[in-house]
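Colleague: Please take a close look at the largest pocket for me, and then follow the parts around it into the rest of the chain. I would like one connected account, with the cut-offs behind each term.

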Amino acid sequence: MARDLNSRNGTFVNGVRVHMALLVEGTLLRIGRSELQVTARTDSDDGPSMVAESSSMLEALTEVRRVASLPWPVLIVGESGTGKEGLALALHEHSTRRGKPFVAINAGGLTRELVESQLFGHERGAFAGADKSKIGSIEAANGGVLFLDEIGDLPLDMQGNLLRVLQERKITRLGSTRAIPVDFRLV
């Protein structure tokens, strides 16, 4: 379903300006100067569930298939909006961790005060306002994949803490002394 929210440039389906339209496979959708063609998505094992045409993205998707079965962390590099999260999700879908959690966090969007609680979780009373225990993103990704977008924006001490988690495969929530074993793949 496509809906135009009173845009200035208009939304066109198969050349006709619309305010709302049901889209089917093959429909040509024009939004401003961007033209899109609707394709059906199939959930098969033939390849990642991303649509790509450029040779560089097709190469990246081939690489995703190659490294999906490996157990190691993966670094995906690219400008904002180039599809890093889509590649991480494709990697997850074709790995042995498929069906397990996929947790995506924009590390660049976290304030310094929230980073540790967001990643490692906290116990009730760990800090002012912590009125209940909360699992962190690492624990939530247990068994699956943790995608940390903009990981380079994490404070250096947090990067060190994350390295320690990768080495020891344990986390400790803020306000706790109990180590919790974790098994996740970092992308």
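Modeller: Helices and strands here are DSSP runs, helices being H or I over at least four residues and strands being E over at least two, and both are numbered from the N terminus. A pocket is found on a 1 Å grid over the protein atoms alone, as an open set of points where a 1.4 Å probe fits and which has protein on both sides within 12 Å along at least five of seven lines; a residue lines the pocket if it has an atom within 4 Å of a point. This is a predicted model, in which local features need pLDDT of at least 70 and side-chain atom pairs count only at pLDDT 80 or more, while totals for chains, interfaces and linings use all residues. Residues are numbered from 1 along each chain as its sequence is written, and side-chain values rest on heavy atoms, with hydrogens and water left out.

The largest pocket holds about 250 Å³ of space, where the volume is the space filled by probe spheres set on the grid points, joined across faces, edges and corners. It is lined by 15 residues, and those closest to its centre are Leu75, Ile76, Leu148, Glu150 and Ile151. Strand β8 (residues 145-149) gives the largest share of this lining, with 3 residues. By type, the lining divides into 10 nonpolar, 2 polar and 3 charged residues, counting Ala, Val, Leu, Ile, Met, Phe, Trp, Tyr, Cys and Pro as nonpolar, Asp, Glu, Lys and Arg as charged, and the others, Gly among them, as polar.

Among the residues closest to the pocket centre, Glu150 deserves a separate look. Glu150 is found in the loop between β8 and α5 (156-168), and its phi is near 60°, a positive value in a residue other than glycine. With a relative accessible area of 30%, Glu150 is partly exposed; buried means under 20%, exposed means over 50%, and partly exposed lies in between, using a 1.4 Å probe and protein chains only. Asn14 has a positive phi too, of about 50°, although it is not a glycine, and Asn14 is found in the loop between β2 (11-13) and β3 (16-18).

Strand β8 leads on from the pocket to two helices. In helix α2 (residues 84-93), 7 of the 10 residues are buried, so this helix is largely enclosed by the rest of the structure. Its buried residues, Lys84, Leu87, Ala88, Ala90, Leu91, His92 and Glu93, pack against α1 (55-67), β7 (102-106), β8 and β11 (185-186), a contact meaning heavy atoms within 4.5 Å. On the side of helix α1, the C-alpha atoms of Ala60 and Leu87 are separated by 7.9 Å although the two residues are 27 apart along the chain. Ala60 lies in α1 and counts as partly exposed at 23% relative accessibility, whereas Leu61, also in α1, is buried at 9%.

The other helix is α3 (residues 112-120), whose buried residues are Val115, Ser117, Leu119 and Phe120. These pack against α4, β8, α5 and β9 (170-172), and α3 is followed by Gly121, with a positive phi near 80°. Ser137, in helix α4 (residues 137-140), is buried at 4% relative accessibility. Not counting residues up to four places away in sequence, Ser137 touches Val103, Ile105, Gln118, Leu119 and Leu146. In the loop between α3 and α4 lies Ser133, which is partly exposed at 39% and which, leaving aside neighbours within four places, is in contact with His122, Glu123, Arg124 and Arg173.

As for the whole chain, there are 5 helices and 11 strands, and buried residues make up 35% of the 187 residues. The C-alpha trace spans about 65 × 40 × 25 Å along its principal axes. The chain has a radius of gyration of 21 Å, where a compact globule of 187 residues would have one near 16 Å; the radius is taken over C-alpha atoms, and the globule rule is 2.2 Å times the number of residues to the power 0.38. Of the contacts with a separation of 6 or more, 51% are between residues 24 or more positions apart.
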